[in-house]
Amino acid sequence: MKKFLIASVIMFLLFMPQFSSGLGHRGEAYLLFIPDANEQYHNGMKVFVAGVEQNLTVPRYSENVTVVMYYANFTEKNYKSYYKWSYRNGMFYDDLYGKYINLSSCAASKDKLSFHIWISSDAEGSNKSGGEIWVLLVLSGSDRKIEDNVYVEIATVDFAASTPVFHFSISPSTEGTNIKPEEGDYFRTINHGNLPLRIFAYNSEMISLNISNMSRVLLPDSQEYHRIYLNSLPWSPQIIEVKEHIRAVPLHLMSTKNVYFKTALSAVVKVIIKVVRPGFDIIDIGNAKLQYEPSKVAKFDEVLPLTLYLSGNGTAYLNITPKDLLIKGVYYDGVWHNSTRSSTVSIKFKLRGGDEKEIRVVVRCYKEKVNAVLKYTLSSGNKSSSARTTISVGKAPIVPTIGNEGEGINEVGVAISAAFLIVMAVFVIYNRLKISEREGREKDKNKKKYGGAKGRKKRNRK
């Protein structure tokens with residue numbers, strides 16, 4: 001009986017690893033990762049993503065190496081719970097099913113073996129967000145070299161990209177490469193899933209954009225920064241809007257079944273290219289384009305010239321409306337139209353072959369300390385758009401003038417002059433009174449001293 005118990009214990013110890021459900025890593029080091037990616041871990045266990053090719057690299061113990069992988073709580077050996085691969089006499093095999101191995105990628109070196117294997121996307125753990133624990137065994141002949149728990153989880157694709165708007169401004173007929181945007185610096189792509197993603201960019205407008213760090217592999221749980229540059233052609237004045245599509249492709253995915261796609265695999269980055277003269281902005285309504293100066297600074301009562309450039313094809317209408325300004329004259333079609341007005345000027349143009357027409361508008365800034373506006377409304381066919389030049393007008397100078405044509409009187413100067421005159425008048429009157437008082441005292445004194453005999457007699461009687 002005692003011998004029977006000892007034998008039973010020995011048998012149990014020999015076969016216990018086959019049914020292990022959480023013994024942890026024992027044996028030599030090995031690598032387990034998706035090609036083009038790094039090893040992933042879950043609670044200290046290496047991750048095996050179901051339905052995705054994995055690179056299992058182990059020491060080359062002998063010419064007869066076997067890899068077994070099974071669900072820790074399996075009750076039946078099938079493609080959902082049990083797998084076996086081997087290397088024998090210089091060849092790699094899927095011993096059970098014949099298809100869960102990539103023979104073209106498997107490799108043997110002097111001291112290592114790389115098995116490129118996968119398990120079904122229906123395997124235990126592949127349909128659970130929490131995953132399942134499996135056991136990995138590596139044997140050389142009948143000797144167990146590696147025993148470890150691995151975490152089998154569902155394949156998750158989670159791609160994101162920041163989508164700023166990039167603004168470029170270039171002069172007409174300019175050709176150049178790697179032009180930086182005026183607004184926007186970079187955008188990011190982010191991989192929150194557990195599969196490596198290859199990212200690339202394209203647009204349907206056939207505009208040549210150079211985007212850094214494209215056609216690279218974006219590793220799981222990582223991000224990449226991308227800068228964007230323009231290769232310009234000698235374009236005519238216009239606004240070009242480009243939708244740059246950023247797309248991600250999951251790598252080494254052997255089956256799309258049971259793959260959790262959290263997000264779409266594409267995003268759009270918007271690029272706006274303004275082909276316009278330096279210092280100008282532009283309205284583009286398709287058949288007609290108008291370049292204008294967006295802002296100016298002027299002195300009070302200054303007569304200010306503004307220049308516009310109109311180009312396109314077909315009939316176009318331009319309305320020019322002043323606010324806190326007087327239009328003194330408009331030049332177009334080679335002729336000056338001089339007429340001072342504060343109302344809208346409407347002009348009809350015939351545009352051919354993209355020819356450019358120069359328009360000059362002269363305005364008088366007759367109001368001080370205002371942001372005066374010259375508004376432009378361009379229309380052609382059933383499209384129209386508006387823009388404006390804002391003119392910051394300064395303060396009127398203080399000049400004391402008198403006149404009958406509405407000029408004002410310098411009130412401060414008048415007040416100072418009046419006060420001065422009043423002071424002078426008071427001073428003169430005061431001096432006059434002082435002199436009169438002094439002369440009166442002298443007369444009285446003389447009368448007393450030189451009053452005559454009659455006066456002396458009266459004094460003697462007393």
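Biologist: Which ring does the charged end of K77 sit over?
Modeller: Keep in mind that this is a predicted model. In it, the charged end of K77 lies 4.5 Å from the centre of a ring. R88 has a similar story, with its charged end over the ring of Y93, 4.4 Å from the centre. For K77, the ring is that of Y82.

Biologist: How are the rings of Y70 and F74 arranged, stacked or edge-to-face?
Modeller: By the ring-pair rule, the count comes to 19 aromatic pairs. The centres of the Y70 and F74 rings are 5.5 Å apart, and their planes meet at 75 degrees. Planes over 60 degrees apart count as edge-to-face, so the Y70 and F74 pair is edge-to-face.

Biologist: And are those two residues, Y70 and F74, buried or exposed?
Modeller: The cut-off for buried is under 20% relative accessible area. Y70 falls in that class, and F74 does too: both are buried.

Biologist: How many residues apart are Y100 and W118, the pair that links distant parts of the chain?
Modeller: Y100 and W118 form an edge-to-face pair, with 6.1 Å from centre to centre and 70 degrees between the planes. Y100 sits in the loop between β8 and β9, while W118 is in the loop between β10 and β11. Along the chain, they are 18 residues apart.

Biologist: Why does Y100 count as buried?
Modeller: Buried means under 20% relative accessible area. W118 counts as buried because its relative accessibility is 12%. Y100 counts as buried because its value is 8%.

Biologist: Which residues touch the most other members of the largest nonpolar core?
Modeller: That core has 37 residues. Strands β5, β6, β7, β10, β11 and β12 each supply at least two of them. There's also a second, separate core of 35 residues, including F159 and M214. Back in the largest core, the residues touching the most other members are L56, M69, W85, F115, I119 and W134.

Biologist: Which residues lie nearest the centre of the largest pocket?
Modeller: The largest pocket has a volume of about 200 Å³. Its lining has four nonpolar, six polar and three charged residues. Of the 13 lining residues, those nearest the centre are Q40, E153, H192, G193 and N194.

Biologist: Which element gives the largest share of the lining of the second largest pocket?
Modeller: The second largest pocket holds about 150 Å³ of space, and its lining divides into four nonpolar, two polar and four charged residues. The elements giving two or more residues to this lining are β15 and β24. The largest share, three residues, comes from β15.

Key
Residues numbered from 1 in each chain as written. Predicted model: local features only at pLDDT ≥ 70, side-chain atom pairs only at ≥ 80, totals over all residues. Heavy atoms only, no water. Phe/Tyr/Trp six-rings, centres within 6.5 Å; stacked < 30°, edge-to-face > 60°. Buried < 20%, exposed > 50% of the residue type's maximum accessible area, 1.4 Å probe, protein only. Helix = DSSP H or I, 4+ residues; strand = E, 2+ residues; numbered from the N terminus. Lys NZ or Arg CZ within 6 Å of the ring centre and 35° of its normal. Core = buried A, V, L, I, M, F, W, Y, C linked by side-chain atoms within 4.5 Å. 1 Å grid on protein atoms, 1.4 Å probe; cavity = no way out; pocket = protein on both sides within 12 Å on 5 of 7 lines; lining within 4 Å. Points joined across faces, edges and corners; volume = space filled by probe spheres on them. Nonpolar A, V, L, I, M, F, W, Y, C, P; charged D, E, K, R; others polar.
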